[in-house]
Amino acid sequence: MMRAVARTEPSRSVSDLIQAGRDREAARRGALGGSASPATDPDDPYQPDGGTMDPLAQLDQLAPLLGNVVGGIRPDQLDQPTPCEEFTVRGVLEHMIGGATMFAAAYRGETPAEPDTSDPLGSFGPVLGALGQAVSAPGALDQTVAAPFGEVPGETFARFIVLDGLVHGWDLATATGQPYDPPADLVAAVDEFAHQALDPLRAGPAFGDAVEPPAGATPMERLAAYTGRRPVTPAA
């Protein structure tokens with residue numbers, strides 16, 4: 001398990017990289033808590049652990065949660081807006097299918113196949129299952145993975161996958177008027193990891209600038225707000 005040790009100035013080095021136009025390296029350092037060379041420097045103090053919850057245990061809790069939400073989406077809801085502002089329900093599903101296809105290939109060291117998004121409701125389960133198999137394969141978490149934002153330890157990337165899936169599940173549930181009640185320990189672990197690693201990765205469609213959560217927000221709603229989500233009113 002990677003360690004979280006008191007930091008001195010990791011955010012400064014990330015900011016310097018961003019200002020120098022080196023966004024890819026900044027994202028990689030942010031993902032690793034500021035570490036420049038985690039794979040070759042086991043004593044580097046800037047490696048977030050994302051809490052004490054194992055990422056495979058997180059995936060075990062996340063998979064049925066996402067399956068239930070996607071299983072509750074009606075075809076006539078696919079074009080509804082979501083809190084992930086750039087995407088409709090269909091767009092979130094296609095984004096997740098494409099991401100899962102890419103992430104599974106990264107763990108296998110393969111070139112990803114073109115994802116089939118012609119039937120996003122039907123394709124979601126098999127693609128998610130294939131990703132779970134790739135992440136849980138022997139040695140998968142111990143290798144260095146070529147993530148979209150640079151090379152990172154497999155365990156760190158698994159935590160990003162859970163973060164991405166958990167908040168996109170909330171997007172889908174909120175947009176389609178479904179309950180979304182992930183386990184408290186899962187939300188706590190993901191929230192801790194998000195606060196360690198998310199800031200350099202807010203430029204893309206998945207994570208926007210943090211917004212103020214509503215009064216009385218649940219832990220999941222606070223996490224969603226931290227990733228830039230604003231609630232939407234689901235259509236009937």
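**Exercise 1. Burial and overall layout**

Determine what share of the 236 residues of the protein counts as buried, and give the order of helices and strands along the sequence.

Solution. Step 1: in this predicted model, 50% of the 236 residues of the protein count as buried. Step 2: the secondary structure comprises eight helices and two strands. Step 3: read along the sequence, these elements follow the pattern α-α-α-α-α-β-β-α-α-α. Step 4: take the contacts between residues at least 6 apart in sequence; 68% of them join residues at least 24 apart.

**Exercise 2. The strand pair**

Describe how strand 1 (residues 144-147) is joined to strand 2 (residues 150-153).

Solution. Step 1: strand 1 and strand 2 run antiparallel, and four bridges join them. Step 2: one bridge can be located by its residues, since Ala-147 has Gly-150 in strand 2 as its partner. Step 3: two residues lie between strand 1 and strand 2, and the two strands form a hairpin.

**Exercise 3. Helix 6 against helix 7**

Classify the packing of helix 6 (residues 154-175) and helix 7 (residues 184-197) by angle, handedness and residue class.

Solution. Step 1: two packed helices are described by the angle between their axes and the distance between the axes. Step 2: the axes of helix 6 and helix 7 come within 10 Å and cross at roughly 115°. Step 3: angles of 65 to 115 degrees count as roughly perpendicular, and helix 6 and helix 7 are therefore roughly perpendicular to each other. Step 4: the crossing of helix 6 and helix 7 is left-handed. Step 5: helix 6 contributes Thr-156, Arg-159, Phe-160, Val-162, Leu-163 and Leu-166, which meet Leu-186, Val-187, Val-190, Phe-193, Ala-194 and Ala-197 of helix 7. Step 6: sorted by class, the contact of helix 6 with helix 7 has 10 nonpolar, one polar and one charged residues.

**Exercise 4. Helix 7 against helix 8**

Carry out the corresponding analysis for helix 7 and helix 8 (residues 219-226), then state which residues of helix 8 are buried.

Solution. Step 1: the axes of helix 7 and helix 8 come within 10 Å, with a crossing angle of roughly 25°. Step 2: angles under 35 degrees count as roughly parallel, and that makes helix 7 roughly parallel to helix 8. Step 3: the crossing of helix 7 and helix 8 is left-handed. Step 4: from helix 7, Val-187, Val-190, Asp-191, Ala-194 and His-195 meet Pro-219, Met-220, Leu-223 and Tyr-226 in helix 8. Step 5: by class, this contact of helix 7 with helix 8 has seven nonpolar, one polar and one charged residues. Step 6: the buried residues of helix 8 are Met-220, Leu-223, Ala-224, Ala-225 and Tyr-226. Step 7: these buried residues of helix 8 pack against helix 6 and helix 7. Step 8: after helix 8 comes Gly-228, with a positive phi near 95°.

**Exercise 5. The surroundings of Leu-56**

Is Leu-56 buried, partly exposed or exposed, and which residues does Leu-56 touch?

Solution. Step 1: Leu-56 is located in helix 3 (residues 55-71). Step 2: buried means under 20% relative accessible area and exposed means over 50%; at 26% relative accessibility, Leu-56 counts as partly exposed. Step 3: leaving aside residues up to four places away in sequence, Leu-56 touches Val-135, Ser-136 and Leu-141. Step 4: Leu-56 and Val-162 are 106 residues apart along the chain, and their C-alpha atoms are separated by 9.3 Å. Step 5: Val-162 is also one of the helix 6 residues in the contact with helix 7.

Conventions:
Residues numbered from 1 in each chain as written. Predicted model: local features only at pLDDT ≥ 70, side-chain atom pairs only at ≥ 80, totals over all residues. Heavy atoms only, no water. Axes fitted to C-alpha atoms, helices over the stretch in contact; angles between N-to-C directions. Parallel < 35°, antiparallel > 145°, perpendicular 65-115°, else oblique. Left-handed = near helix turned anticlockwise from the far one by under 90°. Contact = heavy atoms within 4.5 Å. Nonpolar A, V, L, I, M, F, W, Y, C, P; charged D, E, K, R; others polar. Pairing = 2+ DSSP bridges. Buried < 20%, exposed > 50% of the residue type's maximum accessible area, 1.4 Å probe, protein only.
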